[in-house]
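I wanted to go through one part of this structure by hand and write down what I looked up, entry by entry.

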Amino acid sequence: MKKTNKSYEKIIAEDTQSSFDMVNPSFTINNEKEKISVKAKNGNFIGKNIILLENDVLFKSINFQLSSNKVFFNQKDATAESDEFSVFKSDGTIIKSEGFKITENGDIILFNGKTILILNK
């Protein structure tokens with residue numbers, strides 16, 4: 001996954017624009033099980049289907065919330081990934097990791113790097 005984010009970083013470095021394409025972007029990922037709302041403070045289109053979401057990025061459903069500071073979202077595949085510190089919270093569970101990858105329209109979340117699992121039940 002780091003290799004993928006590095007290619008996104010190259011696209012960003014080539015873009016000399018310092019402003020944001022979107023302020024307070026908000027949208028929903030719909031899958032068979034639930035709706036996942038996605039919000040951030042800023043967003044930039046960095047490719048045909050790729051949006052870089054930055055600053056207080058939040059993925060939230062009725063079952064969980066996942067936050068990070070920098071996330072690459074693929075609109076076409078409804079996937080997302082981050083190499084930044086991330087916190088996942090669900091009923092009785094907290095997962096802190098060095099990043100994540102969301103696949104299968106939000107049905108699968110993989111955590112990257114050093115990961116801490118905290119169970120509170």
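Before noting residues that stand opposite one another, I fixed the term: two strands pair if DSSP finds at least two bridges between them. I also keep in mind that this is a predicted model.

**Entry 1, strand pairing.** I began with S4 and S5, and found that strand S4, residues 42-45, pairs with S5 in the antiparallel sense over four bridges, with Phe 45 standing opposite Ile 51 in S5. The connection between S4 and S5 is a hairpin through four residues. I then followed Ile 51 to S6, where its bridge partner is Phe 73. S5 and S6 are also antiparallel, and I recorded nine bridges between them, while the hairpin that joins S5 to S6 runs through three residues. For S3 I noted three bridges to S5, again with the two strands running antiparallel, and there Ser 37 stands opposite Lys 60 in S5.

**Entry 2, the largest nonpolar core.** Which residues touch the most other members of this core? I listed Ile 29, Leu 53, Phe 59, Leu 66, Ala 80 and Phe 100, out of 19 residues in the core. The elements that give two or more residues to this core are strands S3 (35-39), S5 (50-60), S6 (64-74) and S10 (100-103). I then looked up Leu 53 by itself and, leaving aside its neighbours within four places in sequence, found it in contact with residues including Pro 25, Phe 27, Val 38, Ala 40, Val 71 and Phe 73. Asn 42, Gly 43, Asn 69 and Lys 70 are also among the contacts of Leu 53.

**Entry 3, Leu 52.** Is Leu 52, which I located in strand S5, buried or exposed? Leu 52 has a relative accessible area of 3% and is therefore buried, the cut-off for that word being under 20%. I also noted that the C-alpha atoms of Leu 52 and Asn 74 are separated by 9.0 Å, although these residues are 22 residues apart along the chain.

**Entry 4, Ser 68.** I placed Ser 68 in strand S6, and because its relative accessibility is 7%, I entered Ser 68 as buried. What does the side chain of Ser 68 make a polar contact with? I found that the partner is the side chain of Ser 86, at 3.3 Å. Leaving aside neighbours within four places in sequence, I listed Asp 56, Val 57, Ser 82, Glu 84, Phe 85, Ser 86 and Phe 100 as the residues in contact with Ser 68.

Conventions
Residues numbered from 1 in each chain as written. Predicted model: local features only at pLDDT ≥ 70, side-chain atom pairs only at ≥ 80, totals over all residues. Heavy atoms only, no water. Core = buried A, V, L, I, M, F, W, Y, C linked by side-chain atoms within 4.5 Å. Buried < 20%, exposed > 50% of the residue type's maximum accessible area, 1.4 Å probe, protein only. Contact = heavy atoms within 4.5 Å. Polar contact = N/O pair within 3.5 Å; in protein donor to acceptor, adjacent residues only side chain to side chain.
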